[in-house]
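Trainee: I'd like to go through this one with you, starting with the overall shape and ending with the cysteines. Can we take it step by step?

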Amino acid sequence: MNGPVDRPGDRRPASAPEKSSPENPWPVRTVSTKIADWLHRLGQVWVEGQITQINRRPRTAFVVLRDPSVDMSLSVTCRPEVLDRSEVPLTEGSRVVMCGRPNFYTGRGTLSLAVTEIRPVGIGELLARLERLRRLLAAEGLFDERRKRPLPFLPARVGLITARASAAQHDVTSVATTRWPAVRFDIRNTPVQGPTAVPQILRELAELDHDRAVDVIIIARGGGSVEDLLPFSDEALCRAVAACTTPVISAIGHEPDSPLLDLVADLRAPTPTAAAKAVVPDVVAELALLDDLRARSAQALRNWVAREGAALTAMRTRRVLADPMRMLDDRADAVERMRRDIRRDAVRMVDVADNQIEHLAARLATLGPAQTLARGYAVVQRVAGAEAHVVDSVADMPIGSQLRVRVADGAVDAAVMGVRKK
């Protein structure tokens, strides 16, 4: 939308401001005139909206232009030929761009937009705007899978926003109750197309999101044209869904339809029936799964018991457990064999030692002093007190020395009477 344009010819001099007070209040005509002067300064503006009402008169046409996102509207007046100059017929629900000036009628105190040009918004331009909005929301991360919330496995209450007595409402409720009879719905009926759809959907969405009893919210409607599905690509609705703390499922249209709400919602269901299947499990399938898990658990337990029993049987049949004394008997034979070996080795060592002793004794007897004495030799010792030392030189036996002479059969004491050297 273009901003206001001021033209030199559009400006009118305003009267000097005068302060009002309880003692000096302004009359209604002054206030109305000042408002009209200020609005006239806004100049020419371009406005985009959706037509909700058209009333043709012979000289003037009255139109109500509504904001598609919020509950706000503006009265528009124009000449009937302005409507006739439109490229396509203008009807209630048409998206248009209007060029005009705001007028304040001082006599009635009402505001309207005097329009001189109306341009319908075509499908191509709508799609281009939706693509720009899609890129903007994607850049802000509203389509990121990491921010999407998981759905509860078994919600106690499901919030449903859809049209009254619509096929989408019937599909969701019937399929969900068939799959899980205990599910409960909080149904909010709103328009699903047209200028009043987005404000009412936003209001019901906020109420369901603040209700702690609601575990998941479904926004559903059937298929339609691009214009019919425009409310579900509205920026305000997309941001509201992204800000919800309750998981939201988008079930808009059929498989080919893909409004921006599908990308923002926590789960995109191609149809309302698919949304019902996603929100609650199938009780028949769950019971069958429980039976299967129970049978598999019992079989697994029986298999485990059988394996453990086989392991115990194998352990009992082992030789060490079947004949525990067998190992001792085997070891006893080895011990007895080792004892015999040790005894044999000990006897052999003793015999070897005896032989060595006999040989040494024989050598000792041969080389010892006793044999020498037996052959006629004697051992002479000098006695000095209690000690006796063998002497081998006459120098060790001075005259008068006490001697002990040992022979083979005894010993005699003697004294040195004289010395004869060799």
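Trainee: What radius of gyration does the protein have, set against a compact globule of 422 residues?

Mentor: Keep in mind that this is a predicted model. A compact globule of 422 residues would come out near 22 Å. The C-alpha trace here spans about 190 × 70 × 45 Å along its principal axes. For the radius of gyration of the protein, the value is 62 Å.

Trainee: Okay, and what share of the residues is buried?

Mentor: Buried here means under 20% relative accessible area. The accessible surface comes to about 26,900 Å², and carbon and sulfur atoms hold 57% of that. Of the 422 residues, the buried share is 31%.

Trainee: How far apart are the centres of the positive and negative side chains?

Mentor: Start with the counts: 59 side chains are positive and 53 are negative. Take the centre of each set, and the gap between the two is 3 Å.

Trainee: On to the cysteines: how many disulfides does the structure hold?

Mentor: A disulfide needs two cysteine sulfurs within 2.5 Å. Cys 78 is buried at 5% relative accessible area, but its sulfur can't bond because the closest cysteine sulfur, in Cys 99, is 12 Å away. Cys 244 is also buried, at 5%, and its closest cysteine sulfur, in Cys 238, is too far for a bond at 12 Å. For the structure, the number of disulfides is zero.

Methods:
Residues numbered from 1 in each chain as written. Predicted model: local features only at pLDDT ≥ 70, side-chain atom pairs only at ≥ 80, totals over all residues. Heavy atoms only, no water. Rg over C-alpha atoms; globule rule 2.2 N^0.38 Å. Buried < 20%, exposed > 50% of the residue type's maximum accessible area, 1.4 Å probe, protein only. Areas by Shrake-Rupley, 256 points an atom, 1.4 Å probe, with all protein chains shown as cover. Lys, Arg positive; Asp, Glu negative; His and termini not counted. Charge placed at Lys NZ, Arg CZ, Asp CG, Glu CD.
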